[in-house]
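Student: Hi! Could you walk me through how the chains touch each other in this one?
Tutor: Happy to, here it is.

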Amino acid sequence: MNSSSRRHLVAGGLSILLGLSTIMPAVAQDMIRFGTALSLTGNLATEGKLVREGYDFFVKTVNERGGIDVAGKKYKVEIVYYDDESNVNTSVKLYEKLISEDKVKFLLGPYGSGITIAVSNLTEQHKLPLVIAHGAASTIYNRGYKYIFGVLNSIDDYTYNMVKMASEQKLTRLALLNENQLFAQLGIDGAARQAKELGVEVVYKEKYSSGTKDLSPELEKMKAAKPDMIIAGGYTNDMILLARQISQVGLKPKLLGYLLGPTLPGFVKSLGADAELTLEPVQWSINVPYKDQFFDWTARGYADAFQKVYGHVPDYHPIQSTAALQVYYNAFQKVGGFDPQKVRDAIAATDIVTAYGPIRFNDKGQNIAKSMSVVQIQDGKPAVVYPADVAETKLKLNP
Amino acid sequence: MTASALLARWANGPWAGSLRSAAIAAVLMAILMVLPPFLSLYWLRLLTSVLMLAVIAQGMNAMAGFVGYPAFGNVVFFGIGAYGTALAIAAGFGMAPALLVGAVPAATLALAVGPLLLRLRGHYFAIATLGLNEVVSALAANLSGLTGGAAGLSLPLGAGTASDAAQRAYFGFVALFAASLALGIFLRDSRFGYGCRAIRSNEEAAEATGVATLRVKSIAWMLSALLTAVAGGLYARWVGFIEPSLVFDMAISVKAFVMFLLGGAGTVFGPLIGSLLIESATTLAWSHLLKLHLLVLGVTIMLVVLVLPDGAQGFVARHWPTVRAWWRPRS
Amino acid sequence: MQLVAQIVLNGVLLGGFYACMALGFSIVWGVMNMVNLAYGSMIMVGAYVTQLAVLHVGLPLAIALPMAALATFMLGYALQRGLLNRLAERSVFMTLIFTFGLNMALINLNLLLFSADVRSLPDVFGRASFTIAGLSVPYSRATIFAVAMAMTLGLHALLNWTPLGNAIKATSFDPDAARLSGIDVPHVYALTFAIGGAIAGVTGALVATSYSFSPFAGESYTMKAFVVVVLGGLGSIPGAIIGGILLGVVENLASLFLDSGYRDAVGFALLLVVLVLRPRGLMGRRFFAEVKG
């Protein structure tokens, strides 16, 4: 044939191949597919990596055992991942892709509360279940949605323990400061409410603009209010500055707590002595006394098995991811099938114990069976100090 | 008279350019109207996004492309539109009145600050509009009683299935896009538009020849604000959740700026072309070059600037004589 | 009263940092009419180089800082000579989006090389501070202020007392006349951008010691620099100092007396007021504001 028609043939062939490659197979007969968008690049990429490790660890564990046994047949699992770069619009777009193009019916939440709210609008409209492992804002769960379920404690629980610690330690003057963004604002507002309930006086409560380079005005105002405990919320960038400036300004609270920060890599390294004795509420620690009813793990057992695969001890991110998949695991077995509506109903009736903790949802989709603990940085390492039944060591106050 | 003679007269009369563009726009609209059944919801969403950005880019084009004033902070109108509409919907208003609640404050703001800020030029005007955006954004983030503050606003889900909601959003943006094309044709071909372009080439000379520069600039900004605000309102309904950092994000304006420049400043279809180019490039880079997509996009933009200084349409015009003869761009 | 004085002093110290940062932005804009949207990312490069030098090679900060400046100097020279000089005849808008694309590329490079982790150098200066007139001054902030002032003086000296400075000024006023008098204009542009880069590098070193940084953190620095330059007036080095200090003080006072959430907004409101009342900035020279805008 001549060169022109050969070219056409090649072009035609390539187009067909290209077309075929974009069609994902419908749910394969012996494969269960989950889908999620993660922050694999972007400014939350470090957390995103931990999140993914937790999901992958579940997949590996289950597939090594031959798959999930549903109604007598074994199904292997796989997860379709997309990177949303922590961007709301991108994330929603990618979930639409998962649902409409990749035909995934079982979705896992993205990372971050704002993104989760937007994504949940989509999944709710599609009437598909969304199990959330990394979105704690209460505003996700108070909209009366029927298809969203969060395995983690929501934001109100973040601060409750710390405020309780204050009242137990007879600290009566609480100062609150947060970055002006969703998660931190909700957290600190919650702390203020809880302080009122527990009889601790809030002597200072303000928010600061993201990216502020000098928090001394806020801290001077705070110092004038003579707090004996400070709880602050924001992202890591600001928390490092805050920790430095608190000591520079001469504030010496008996207890200093952050919504997040101390357990992320870089915090202790960057701050050295200024990080000592800071508190952080954690969703999970290696000491929680739960034994997984599916995989024979204790919390420590999970951590050991995880470390063998990924070379580092997991913080709460990976196991949260794993727990989300365990919710589906349990639901599939209870239903004996994969009808999304039935799976959704089974998830709503979840009542299980995992190495992450017990999971039971209220009618808003929040996990009300689990509680959080509080760690304190002692000698540069986080140690659980509260509540008493899981504490590794005693709480130390600043002199 | 024969059809071809009629066509010839139509194609060469005084309104030829506008009619031609309107015809192209009509064909585009027709295609857009019939597309939905052929697209999965994902592609529909992508297309809706392209249209939304094309509208915002047209708003930028109105100020920066036609009048020559780079309103980098134009996203402030997007945010005002989003919040106004969201609050109105939450209060029970229907969609159309809710859009008005978003659009009217935006237009009013443009008219109110216009006289003050439009005295600045170039980079100064740009940073002033960014400042305006920052101030309004801070108000949205701090007046929590009204706007929900940093926690944002959630809208109740729209009625119907996911497909219904997607189509409503799509056709809303198609209609808005049509309006943006009409605005483009108006700015390109009307006397008002001549005034704009006169200001862009030489404002002092325009003033001297009797163009009421402040009035023209203010009206152009108001129109730009209206368009952008309605886009914001539709967006709020579409996504169902807004927060200050999302809808007052400077990156939206800057992206829109890049889009209309690459597509062709001061043209009717430039924003759409730019939007298609950037969105396809972004989606492609995302799917295939995960860790490098920002790099690829950045390099692409740099290359385009180096190789296509007049944007895509300028490139086409310079290199394809037949196309140029048919297109006959107004300079 | 003591409290207000302390806050004002902190604002002045912060403002020194802002001024130092703004200089690099200002010189490039003033001479080449280019608003460099990649400026913040260049600051980040300086921060990463400093961190590498201090933590991985073990150099003291006093050596790491000039190293960072040198690295960004070379980066700046290469960028201008290799890429940006080709844009000399393009429209201002096109140059803007070119630097926008450059910024994206630099962010991705930083991401690839250093990951998204937030980093900071362990406290180099400690919590120590000294007291002046009853007000406390942390060593870290005082050092930053001193470095900023030193750079400002250095830049002033360079521009006014050296042949290179004359060449830069001449080129900025009239590139064609400069070319005719034998000045190698592309080289001068490249050097100017390189100097801007070096200043960014020093700023980055300071950022690494006192704040934290990540590939995406550069944006806010670009914006701040933009604001300070416009506030103080383009083409004026004293203007950058005054603008920076004024911004720092106003921001701190706003945080003190108003809701702290309005901090940035007040800075921008100040900018708007200055622009409306005095479009060329506080100390801007007429010529620059009109021709270079």
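Tutor: First, a term: two residues are in contact if their C-beta atoms, placed from the backbone, lie within 7 Å. Keep in mind that this is a predicted model.

Student: Okay, so how many residues does the contact take from chain A and from chain B?
Tutor: Chain A puts in 24 residues and chain B puts in 23 residues.

Student: Which helix of chain A gives the most to the side that touches chain B?
Tutor: That would be α4(A), with 7 residues. Helices α3 (88-100), α4 (113-126) and α7 (182-198) of chain A each supply at least two residues there.

Student: And how does that side of chain A divide by class?
Tutor: There are 7 nonpolar, 10 polar and 7 charged residues on the side of chain A that touches chain B.

Student: Now chain C. How many residues are in its contact with chain B?
Tutor: 34 residues come from chain C and 34 residues from chain B. On the chain C side, α4(C) gives the most, with 15 residues. By class, that side of chain C has 25 nonpolar, 5 polar and 4 charged residues.

Student: Switching topic: at what angle do α14 and α15 of chain B cross?
Tutor: Roughly 150°, and the axes of α14(B) and α15(B) come within 9 Å. The crossing is right-handed.

Student: Which residues meet there?
Tutor: From α14(B) you have B:A281, B:T282, B:A285 and B:W286, and they meet B:H293, B:V296, B:L297 and B:T300 of α15(B). That contact has 5 nonpolar and 3 polar residues, with no charged ones.

Key. Residues are numbered from 1 along each chain as its sequence is written. Chains are lettered from A and ligands numbered from 1 in the order in which they are written. This is a predicted model: local features need pLDDT of at least 70, side-chain atom pairs count only at pLDDT 80 or more; totals for chains, interfaces and linings use all residues. Axes are lines fitted to C-alpha atoms, for helices over the stretch in contact, and angles run from 0 to 180 degrees between N-to-C directions. Helices (H or I, at least four residues) and strands (E, at least two) are DSSP runs, numbered from the N terminus. A crossing is left-handed if the near helix is turned anticlockwise from the far one by less than a right angle, and right-handed if clockwise. Ala, Val, Leu, Ile, Met, Phe, Trp, Tyr, Cys and Pro count as nonpolar, Asp, Glu, Lys and Arg as charged, and the others, Gly among them, as polar.
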